[in-house]
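Let's take a friendly walk through this model, from its surface patches to its backbone. Have the sequence and the 3D view open as you read.

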Amino acid sequence: MAKLKIRENYHQARWDEPIIYELSTPGERGILVPEPEPEIKNKAGDVLLNLPESMCRKEEPNLPEISQKQVLAHYLHLSQETLGSNLNNDISQGTCTMKYNPRINEKLAGLIHHVHPLQDESTMQGLLAINYKFEHFLKEISGMDKFTLQPGGGSHAVYTAASIIRAYHESNGELEQRDEIITTIFSHPCDAATPATAGFKVVTLYPNEETGIPDLEALEEAVSERTAAVFITNPEDTGIYNREIDKFVQTVQNAGALCFYDQANANGMLGITRAREAGFDMCHFNVHKTFGTPHGCSGPGSGALGVREHLVRFLPVPTVEFDGEKYYLDYDKPESIGKVRGFFGVAPVTLKAYSWVMMLGAEGLKEVAEISVLNNNYLQKKVEEIPGVGTWYAEGRRRLEQVRYNWIELEEETGVGTDDIMRRIGDYGIQHYWTSHHPWVVPEPFTLEPCETYSKVDLEEYAAVLKKIAEEARKDSEFVKASPHKCASHNIAKPEELNDPEKWAITWRAYLRKHKK
Amino acid sequence: MKLGFIVNPIAGMGGKVGLKGTDGMEILEKARRLGAYPEAPKKAKKALKLLTPLINDIEILTYPGKMGEDEAIALGFNPKVLGEKKDIVGPDDTEEAARKMLDMDIDLLLFAGGDGTARNIYNVVGDKVPVLGIPAGVKIHSAVYANHPRSAGEVALKYLKGELTRIREAEVMDIDEAAFRKEQVTAKLYGYMKVPFEQQLVQSLKAGRPEEEESARDSIADRVVAEMKPDVLYIIGSGTSTRPIMEKLGLPNTLLGIDIVKNKKIVASDVSEREILEHIEGRKAKIIVTVIGGQGYIFGRGNQQLSGNVIRKIGIDNIRIIATKNKLVSLGGQPILVDTGDDKVNNMFNRYMRVVTSYNEEIIYKVKGL
């Protein structure tokens, strides 16, 4: 087995790289596009004249003018100032379900770049088949009756759920009366935010200190004839699994409301429990988390939303169907909430996820859950042994696939808090951790989620680095507070400006306007 | 930059010998006999030590001996000492020191003590200059104190360096020590002082920025006003969270007292328990209350007028609790507390209740009657 080694002498590249606009020299070009030959010119005329006026810019775009070499150097430098996705110990991004994304799937996704969603259905039967079959997998995994793959991410799927709930109560003539949704403080924030966007009021439950999950009694106080639905994440952000979830569902459904299960991070339960058996009306998966496809800048997201039979008629259009001979797009849903995004899904993500499931098989999916939980149990033991670390709520009880820890004790003792430690982690060449959604109900929080793709050494490395930093905090708190010391960029010069709309600038144009007056 | 620095050297002495505060010379003697020793100077030094990087940039104005001079000199500062040295110091000296410093245009007043000290400072300073408390007393109900001495030093350092520019209003609260020593708790909200704001480091505002808090309170007030029904008496509790309700109605507000509103017009201001009982007799009424202070009371601290009798007459279902999310988070998972002095009424509150946290949001939170 590989040996644990903390990278004590790590140092990140620091290029002090200018913004690309600052490298710009008027007239400089990376590629000189050749003029068309006179013959072509004569025949085709000025093709730009055929562009509709509404599509033409009034002014030339302000682009940096820069040579190829400089562009390559610039982006190489920037890439050296990151730790990279998929190439690092990412177990620390709790709630994100960061796992290794197999390269083969990226290759496969490259094979469909020529397909356009406006092509005739008959010319993309393979792609539709993959969509249809992946939906079938999700139905098996969750027990739901029908899925849409149209939403472009987790929150988008949850918003779609809220829209379907609105349509459902409207069809029953109860929408005006049912204007509240219930969620919990440790459910994902989109479980409150997206129903609010859809026009619902939000009622939030707090957990019981001892069990770490809300009491049924609290839910009963919240449920009434005004309840439209419950939106709940399980296991919650704390990593605690609500074993009474079926009773929650029953209580809500008895009041005539619907139940939505947020399964953005389903890593701890694949093949173990299903939303259907808990009684839920709907659930969703973040395909780019649980199903092995990359997050963020490495690829687009995808949120798969599943519903039970009584809600199928409200799903977005089109759905992908099979008539026994061919696959086709079905727009014939008069009660559909309409489209929530163009076309029928994020095709490359669906393809990668389909491939991921096919490689693992049913037994493999279950193994994913088992190893994720095992990894988490092992890491929890290691991390809790570090003096200064605590776990709020349900002390001594095992979490599922992630844990929200805290540094309350260390902070009280040394003044070094979670943000300080987070910055110091970068000095050891591994990813800093995710603290918590806001507000910080657990003070000085950090959240670790060691998915199935990490090795024992990865887990030990992370715990060892945290332990080392806690020791540093006791020896020299100012040193840790002043960290990072070996990263590409150390501190934000004026952190208060991040909070100030007059100062923050996320584009070059905004920067010039706000700072170069 | 000019920093006022006041230490109440006897603050906190009662705590370790179980005396619940040291307000009063007699009690102080008793504390000394029981073996209490001054805690505050040590804690004040812990905070002031963090300002040593500014030793050449700030002028410290302080009072003689243990009231600040000794602590400052021990850390290598060269403070300007006001006032005469006395063997025994008391609340008058704290107030006199604050008054002299105020006259000399200080930028920040850093003081060490407990709730009694905060009150003395408040009597003189009010909201004229920003202050920051180093927690050293037995009773720390006031939100003008930092979480611990070190964080007081950190906030002061950042404020004096100009890295913190934002200010929030923080509660000055105190309980009657004589009653407290007899196991009766009566707390009062005395007012608000201006405190430099730093996320994480100042009591009871662990996550919220002042502007967030303000907009959350505004949104709550919109909800309360929108829900108001004709001919119902609305009994508006004290505190900064209820203030925007009165502002939205264009009515005068009693920050530290109770007002009654009907049909969006003022019926009575700053009412006593007796007056409330008279007004609600035979009428439908609702109470709007917020969580006061860092310890999470809705009744029994700062609003004794809303007595057990009043609550019983109005009914628990006619109580609307309002609080910003950050205020609830700052309770650290502890329940909202009720201490009306009436056990039966207190017991009615042992349940989950709805708390309005914005126009469209409520939190179901545990309430506990003492």
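In which loop of chain A does Lys503(A) lie? Look between helix H15 (477-481) and helix H16 (508-515) of chain A: Lys503(A) sits in the loop that links them. Please keep in mind that this is a predicted model.

**Surface patches on chain A**

Lys503(A) has company, since a positive surface patch is formed by this lysine together with Arg57(A), Lys494(A), Arg509(A), Arg513(A) and Lys517(A). Lys503(A) itself counts as partly exposed because its relative accessibility is 34%, and the partly exposed class runs between 20% and 50%.

A patch of another kind is nonpolar: Val47(A), Leu48(A) and Leu51(A) make it, and its area is about 290 Å². To find it in your viewer, go to the loop between helix H1 (38-44) and H2 of chain A, where Leu48(A) is found. Is Leu48(A) buried or exposed? Leu48(A) is exposed, as its relative accessible area is 57% and the cut-off for exposed is over 50%.

**Backbone points to check**

Most residues other than glycine have a negative phi, and most peptide bonds are trans. With that in mind, here are two residues of chain A that have a positive phi.

| Residue | Phi | Loop in chain A | Relative accessibility |
|---|---|---|---|
| Thr97(A) | about 50° | between helix H2 (68-80) and helix H3 (103-110) | 0%, buried |
| Phe343(A) | near 65° | between strand E9 (327-330) and helix H11 (347-384) | 35%, partly exposed |

Thr97(A) is buried because its relative accessible area is 0%, and buried means under 20%. Phe343(A), at 35% relative accessibility, is partly exposed.

Which residues does a cis peptide bond with omega of about -5° join? They are Val317(A) and Pro318(A). Pro318(A) belongs to the loop between strand E7 (303-307) and strand E8 (319-322) of chain A. The peptide bond from Asn234(A) to Pro235(A) is also cis, and its omega is near 0°. For Pro235(A), look in the loop that runs between strand E4 (227-233) and helix H8 (245-254) of chain A.

**Domains of chain B**

Now over to chain B. Its division gives domain 1 (2-196) and domain 2 (210-369). How many Å apart do the C-alpha centres of domain 1 of chain B and domain 2 of chain B lie? The separation between these two centres is 31 Å.

Note on methods
Residues are numbered from 1 along each chain as its sequence is written. Chains are lettered from A and ligands numbered from 1 in the order in which they are written. This is a predicted model: local features need pLDDT of at least 70, side-chain atom pairs count only at pLDDT 80 or more; totals for chains, interfaces and linings use all residues. Side-chain values use heavy atoms; hydrogens and water are left out. Domain bounds come from an automatic or database domain assignment. Patches are made of residues with over 30% relative accessible area and no salt bridge: like charges are joined within 9 Å, nonpolar side chains (Val, Leu, Ile, Met, Phe, Trp, Tyr) within 5 Å. Accessible areas come from the Shrake-Rupley method with a 1.4 Å probe; for residues, only the protein chains shown count as cover. A salt bridge is a side-chain nitrogen of Lys or Arg within 4 Å of a carboxyl oxygen of Asp or Glu. Lys and Arg count as positive and Asp and Glu as negative; His and the chain ends are not counted. The place of a charge is taken as NZ of Lys, CZ of Arg, CG of Asp or CD of Glu. Helices (H or I, at least four residues) and strands (E, at least two) are DSSP runs, numbered from the N terminus. Buried means under 20% relative accessible area, exposed over 50%, partly exposed in between (1.4 Å probe, protein chains only).
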